[in-house]
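Me: Can you walk me through the pocket and the ligand in this one? I'd like the cut-offs spelled out as we go.

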Amino acid sequence: MRGITIVRLSPDSDHLATVASWTYAEWGHLHPNSTANSYREALRRECGDGGVPSVFVAMQGDQPVGTAALLAEDMDSRRELTPWLASVFVLPEWRGQGIASTLIRRVEQEAADCGIRQFYLFTPDQQALYRRLGWQDHEDLCYRGEKVTIMLRQLEA
Ligand SMILES: CC(C)(COP(=O)(O)OP(=O)(O)OC[C@H]1O[C@@H](n2cnc3c(N)ncnc32)[C@H](O)[C@@H]1OP(=O)(O)O)[C@@H](O)C(=O)NCCC(=O)NCCS
């Protein structure tokens, strides 16, 4: 993790297209009508300027290597739950060094700073990572053809 900094992604950042290309490659198939372009424009809208929504990027010098977001909505079938930790992604060659954990902590801090006491995520296969960081299992369900777990994080007042 030496040399990694976490920065807020701004809508006019040179890195926006790079980050959108990662999330489109990873999750675009879950949204059949999406395109690389629509992912980039959605990401631009998600940047916000603090609180919900926010997008963060892990930087190694000038190179973006990972991302995570705080969003109002992330699951069509559970619109009553809000907000969400979403789009946690680290480039393959940078994994296993705690970068995702640091991004997740940054999103938790953002949520706590704007008075959020609990928020959610869903994951098909990363439950262990989130449990280690204090997240609890909330509900198992099938979402867009995949078995996933909704997890809940309670934040200190
Ligand atoms: C899931 C994902 C975000 C994890 O990113 P990461 O940066 O490797 O995550 P971390 O390094 O914080 O934690 C991952 C592992 O590294 C270990 N680790 C953490 N800090 C470490 C360190 N300093 N040195 C060595 N290992 C470390 C953790 O214990 C964890 O172990 P595990 O493999 O048993 O789970 C990444 O694999 C990814 O982008 N996957 C594809 C997209 C995805 O699945 N996103 C999650 C959607 S819910």
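**Pocket, ligand and backbone oddities**

Me: Which class leads the list for the lining of the largest pocket, and with how many residues?
Reply: This is a predicted model, where local features need pLDDT of at least 70, side-chain atom pairs count only at pLDDT 80 or more, and totals for chains, interfaces and linings use all residues. Residues are numbered from 1 along each chain as its sequence is written, and side-chain values use heavy atoms, with hydrogens and water left out. A pocket here is an open set of points on a 1 Å grid over the protein atoms alone, where a 1.4 Å probe fits, with protein on both sides within 12 Å along at least five of seven lines; lining residues have an atom within 4 Å of a point. With Ala, Val, Leu, Ile, Met, Phe, Trp, Tyr, Cys and Pro as nonpolar, Asp, Glu, Lys and Arg as charged, and the others, Gly among them, as polar, the lining has 11 charged, 13 polar and 24 nonpolar residues.

Me: What is the volume of the largest pocket?
Reply: Grid points are joined across faces, edges and corners, and the volume is the space filled by probe spheres set on the points. For the largest pocket that comes to about 1300 Å³.

Me: Where does the ligand sit?
Reply: A molecule counts as sitting in a pocket if more than half of its atoms lie within 2 Å of the pocket's grid points. By that test, the ligand is in the largest pocket.

Me: Which residues are closest to the ligand?
Reply: The shell takes residues with a heavy atom within 4 Å of the ligand. It divides into nine nonpolar, six polar and three charged residues. Of the 18 that surround the ligand, the closest are Val88, Gly96, Gly98, Ser101 and Arg132.

Me: How far is a polar backbone atom of Gly98 from an oxygen atom of the ligand?
Reply: Polar contacts are pairs of N or O atoms within 3.5 Å. A polar side-chain atom of Arg95 makes one with a ligand oxygen at 3.4 Å, and a backbone N or O atom of Gln97 does so at 3.2 Å. For Gly98, the distance is 2.6 Å.

Me: Which residue does a cis peptide bond join to Thr82?
Reply: Omega of that bond is about -10 degrees. The partner lies in the loop between E3 and E4, strands being DSSP runs (E, at least two residues) numbered from the N terminus. The partner is Pro83.

Technical notes:
Polar contact = N/O pair within 3.5 Å; in protein donor to acceptor, adjacent residues only side chain to side chain. Helix = DSSP H or I, 4+ residues; strand = E, 2+ residues; numbered from the N terminus.
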